[in-house]
Amino acid sequence: MNPLLTTLGSKLTERWLNLLVLPGALFLAATALGATLGHRHWRDLDLLRTTLDDLAARPALERPGTAALLVALALLAAAAASLAAQFLGSAIERHWLRHPRGPLTRALTERRRRRWVARDAKVDQALRQTVAHTDPGAPDESPHPDSPSARALARLQTRIEHRDRVALRSPARPTWYGDRMQTTADRVADAYGVDLAALWPRLWLTLPEPAVRQLQSVGDSFSAAARLAAWAVAYALLACWWWPAALVAVGCAAVARTRAHTALDALAELIEAAVDVHGRELAVRVGLLAPESTGRLGPETGDGLSELFRKAE
């Protein structure tokens with residue numbers, strides 16, 4: 001039992017340091033640095049060195065009790081700052097996935113829809129040009145890179161990627177993240193006729209442990225990206241007193257955006273894959289399909305799952 005408790009305690013301590021103390025301590029250090037130097041003396045190392053020497057020369061700091069109390073207060077302040085960042089990160093995560101409610105979010109959704117429609121029109125134009133440059137009698141092999149058909153195909157691929165940066169389908173939510181999850185729900189509904197929002201909590205209970213761990217890992221990565229975005233907001237506020245913090249804010253925001261896009265795209269793919277692989281198994285468990293039956297999950301069964309899970313709402 002003692003080795004188990006020791007291992008558990010070391011893991012909890014490591015997690016506490018990584019998630020709470022270290023990010024908060026870095027922000028507190030940056031805050032102290034910004035409060036000391038300000039905009040005018042933003043790189044004055046002599047001023048910083050003098051301030052640190054004056055602080056270390058105070059008699060109170062020579063007392064072990066006072067020093068220990070200051071260290072404890074610093075750790076508590078760092079943990080409090082990290083908890084605040086986690087709270088803000090949760091709010092940012094909900095903001096990324098929100099539905100269009102209210103005039104502002106509806107306006108953002110409509111703006112994204114107009115951008116998507118304009119880029120989709122360019123995709124249609126490129127598609128027509130590609131078809132026009134394609135010789136129906138040509139052999140089925142890759143065209144020469146400098147041929148008109150190859151250039152038209154490359155232009156089509158570029159415009160598709162350009163459109164998909166807005167959304168994979170016509171936008172229905174104010175952010176890319178919400179639209180990516182909405183696309184997954186739409187694809188599941190088109191393929192199986194099932195409501196993903198009603199299906200997912202029940203399907204989660206039947207997933208095997210490896211699938212659950214993979215989904216949790218990707219979900220944690222998305223939450224971590226939202227927390228990093230929260231730190232970007234914090235450093236942006238600090239930039240009001242010390243402008244170099246704006247560079248940190250921009251870096252955190254860029255990394256958070258990239259990681260959030262990657263994590264949410266992987267999460268959406270895994271959710272859709274879970275429905276593909278285990279959806280029929282769930283239909284068998286709730287009695288809509290016989291255990292000895294064969295074939296894929298059909299729209300009729302999907303409608304039955306939705307009706308059952310919605311409790312005839």
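How many helices and how many strands does the secondary structure of the protein come to? The count is 10 helices and 0 strands, in what is a predicted model.

**Figure 1. The whole chain, as a starting point for the close-ups: a run of helices from one end to the other.** Going along the sequence, you simply read α-α-α-α-α-α-α-α-α-α. The protein has 313 residues, and 33% of them count as buried. Take the contacts between residues at least 6 apart in sequence: 71% of these join residues at least 24 apart.

**Figure 2. Helix α7 packs against helix α9.** Here α7 covers residues 196-206 and α9 covers residues 245-285. Their axes sit 9 Å apart, and the packing angle is about 75°. That angle falls in the 65 to 115 degree band, so the two helices are roughly perpendicular to each other. On the α7 side, the contact is made by Leu-196, Leu-199, Trp-200, Arg-202, Leu-203 and Thr-206. On the α9 side, look for Ile-271, Ala-274, Val-275, His-278, Gly-279, Glu-281, Leu-282 and Arg-285. Sorted by class, the contact comes out at 8 nonpolar, 3 polar and 3 charged residues.

**Figure 3. A kink in α9, and the glycine just after the helix.** The kink is about 50° and is centred on His-278. His-278 is also one of the α9 residues in the contact with α7. Once α9 has ended, Gly-287 comes along with a positive phi of about 90°.

**Figure 4. The buried side of α7 and the cap at its N-terminal end.** The buried residues in this helix are Leu-196, Ala-198, Leu-199, Trp-200, Leu-203 and Thr-206. What do they pack against? Their partners are α6 (176-192), α8 (209-238), α9 and α10 (299-309). At the N-terminal end, Asp-195 does the capping, with a side-chain oxygen 3.2 Å from the backbone nitrogen of Ala-197.

**Figure 5. Zooming in on Trp-200 of α7.** Trp-200 is buried and takes part in the contact with α9. Skip the neighbours within four places in sequence, and Trp-200 is in contact with Leu-207, Leu-215, Ile-271 and Ala-274. Another pair to pick out is Trp-200 and Gly-279, which are 79 residues apart along the chain. The C-alpha atoms of that pair are separated by 9.5 Å.

**Figure 6. Arg-112, an arginine in helix α4 with a short polar contact listed at 2.2 Å.** Is Arg-112 buried or exposed? Its relative accessible area is 7%, which is under the 20% cut-off, so Arg-112 is buried. The 2.2 Å polar contact joins the side chains of Arg-112 and Asp-179. Beyond the neighbours within four places in sequence, Arg-112 is in contact with Val-166, Ala-167, Pro-171, Arg-173, Pro-174, Thr-175, Trp-176 and Asp-179. Helix α4 itself takes in residues 103-132.

**Figure 7. Arg-128, also placed in helix α4.** This arginine counts as exposed, at 56% relative accessibility. The partner to show alongside Arg-128 is Leu-156, 28 residues apart in sequence. Measured out in the model, C-alpha to C-alpha, Arg-128 and Leu-156 are 9.4 Å apart in space.

**Figure 8. Two residues of helix α10, Thr-301 and Asp-303.** Thr-301 is buried, with a relative accessible area of 15%. Leaving out the neighbours within four places in sequence, Thr-301 is in contact with Ala-283, Leu-288 and Leu-289. Asp-303, at 45% relative accessibility, counts as partly exposed. Which residues does Asp-303 touch, not counting those up to four places away in sequence? They are Tyr-192 and Gly-193. Asp-303 and Gly-193 are 110 residues apart in sequence, yet 5.5 Å apart in space, C-alpha to C-alpha.

**Figure 9. Val-255 in helix α9, shown with Ala-225.** Val-255 is partly exposed, and its relative accessible area is 36%. In sequence, Val-255 and Ala-225 are 30 residues apart. In space, the pair is 7.9 Å apart, C-alpha to C-alpha.

Definitions and conventions
Residues numbered from 1 in each chain as written. Predicted model: local features only at pLDDT ≥ 70, side-chain atom pairs only at ≥ 80, totals over all residues. Heavy atoms only, no water. Axes fitted to C-alpha atoms, helices over the stretch in contact; angles between N-to-C directions. Helix = DSSP H or I, 4+ residues; strand = E, 2+ residues; numbered from the N terminus. Parallel < 35°, antiparallel > 145°, perpendicular 65-115°, else oblique. Contact = heavy atoms within 4.5 Å. Nonpolar A, V, L, I, M, F, W, Y, C, P; charged D, E, K, R; others polar. Bend = angle between axes of the 7 residues up to and from the residue. Buried < 20%, exposed > 50% of the residue type's maximum accessible area, 1.4 Å probe, protein only. Polar contact = N/O pair within 3.5 Å; in protein donor to acceptor, adjacent residues only side chain to side chain.
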